[in-house]
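Thank you for making time at the start of the meeting. I would like to walk you through one model, going from its disulfides to its core and then out to its surface.

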Amino acid sequence: MAISKGFIPLFLLSMLLLAHAHEMVNEIDGKSIGDSKIDCGSACKARCKLSSRPNLCHRACGTCCARCSCVPPGTSGNQQVCPCYYNMTTHGGKRKCP
């Protein structure tokens with residue numbers, strides 16, 4: 001019974017991704033919602049102040065803030081500060097959060 005050459009690297013990569021996913025779940029489970037309350041209204045107001053569509057920006061930002069309890073600083077960018085906020089997408093695959 002021969003194992004193909006591509007199977008072993010693929011198996012190791014799968015195990016690595018599984019371990020990383022497990023760590024991420026543990027981080028999410030360990031964080032209590034009550035531990036990090038954020039004022040989404042003021043955070044989103046600051047985030048959307050230069051938006052060309054402020055109502056749309058505030059609505060999307062408010063939804064993302066409520067789910068992630070985080071809003072990146074500044075009016076754009078800084079995604080590394082809040083990965084949950086940045087990685088949320090619409091059904092069409094576009095970024096949901098401004």
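Let me begin with a term: a disulfide, as I use the word here, is a pair of cysteine sulfur atoms within 2.5 Å. Before applying it, I should say that this is a predicted model, in which local features need pLDDT of at least 70 and side-chain atom pairs count only at pLDDT 80 or more, while totals for chains, interfaces and linings use all residues. Residues are numbered from 1 along each chain as its sequence is written, and side-chain values use heavy atoms, with hydrogens and water left out.

The protein chain has four helices and zero strands, where helices (H or I, at least four residues) and strands (E, at least two) are DSSP runs numbered from the N terminus. From the N terminus on, the order of elements is therefore simply α-α-α-α.

How many disulfides does the structure hold? There are six, and if we number the bonded cysteines in sequence order, the pairing reads 1-7, 2-5, 3-4, 6-12, 8-11, 9-10. I will take three of the links in turn, and for their surroundings I will call a residue buried under 20% relative accessible area, exposed over 50%, and partly exposed in between, using a 1.4 Å probe and protein chains only.

In one of them, cysteine 40 and cysteine 65 are joined with their sulfur atoms 2.0 Å apart. This pair links distant parts of the chain, since cysteine 40 sits in helix α2 and cysteine 65 in helix α3, 25 residues apart. The torsion about their S-S bond is about -80°, so the disulfide is left-handed. Cysteine 65 counts as buried because its relative accessibility is 1%.

Cysteine 44 and cysteine 61 form another disulfide, with 2.1 Å between the sulfur atoms, and here too distant parts of the chain are linked, with cysteine 44 in helix α2, cysteine 61 in helix α3, and their positions 17 residues apart. With -85° about the S-S bond, the link is left-handed. Both ends are covered: cysteine 44 is buried at 2% relative accessibility, and cysteine 61 is buried at 0%.

The third link I want to show joins cysteine 68 to cysteine 84, S to S 2.1 Å, and at -70° about the S-S bond it is left-handed. Because cysteine 68 lies in helix α3 and cysteine 84 in helix α4 (residues 83-87), the pair ties together parts that are 16 residues apart in sequence. Are the two ends of this link buried or partly exposed? Cysteine 68 is buried, with a relative accessible area of 7%, whereas cysteine 84, at 40%, counts as partly exposed.

That brings me to the interior. A nonpolar core here means a set of buried Ala, Val, Leu, Ile, Met, Phe, Trp, Tyr and Cys residues joined through side-chain atoms within 4.5 Å. The largest such core has 14 residues, of which Cys61, Cys68, Val71 and Tyr85 touch the most other members. Helices α2 (40-47) and α3 (54-68) each supply at least two residues of this core, and the largest share, five residues, comes from α3. Taking contact to mean heavy atoms within 4.5 Å, and leaving aside neighbours within four places in sequence, cysteine 61 is in contact with Cys44, Arg47, Cys48, Val71, Tyr85 and Pro98. Over the chain, 18% of the 98 residues count as buried.

Two backbone details in the loop between α3 and α4 deserve a remark. Serine 69 is found in that loop and has a phi near 55°, a positive value in a residue other than glycine; it is buried, with a relative accessible area of 18%. Asparagine 78 lies in the same loop, has a positive phi near 60°, and is partly exposed at 30%. For context, most residues other than glycine have a negative phi.

Finally, the surface. The protein chain exposes about 7,500 Å², with carbon and sulfur atoms supplying 61% of it. Leucine 18, found in helix α1 (residues 7-30), counts as exposed at 54% relative accessibility. Together with Phe7, Ile8, Phe11, Leu12 and Met15, Leu18 makes a nonpolar surface patch of about 600 Å²; patches are made of residues with over 30% relative accessible area and no salt bridge, with like charges joined within 9 Å and nonpolar side chains (Val, Leu, Ile, Met, Phe, Trp, Tyr) within 5 Å. A salt bridge, in turn, is a side-chain nitrogen of Lys or Arg within 4 Å of a carboxyl oxygen of Asp or Glu, and accessible areas come from the Shrake-Rupley method with a 1.4 Å probe, where for residues only the protein chains shown count as cover.
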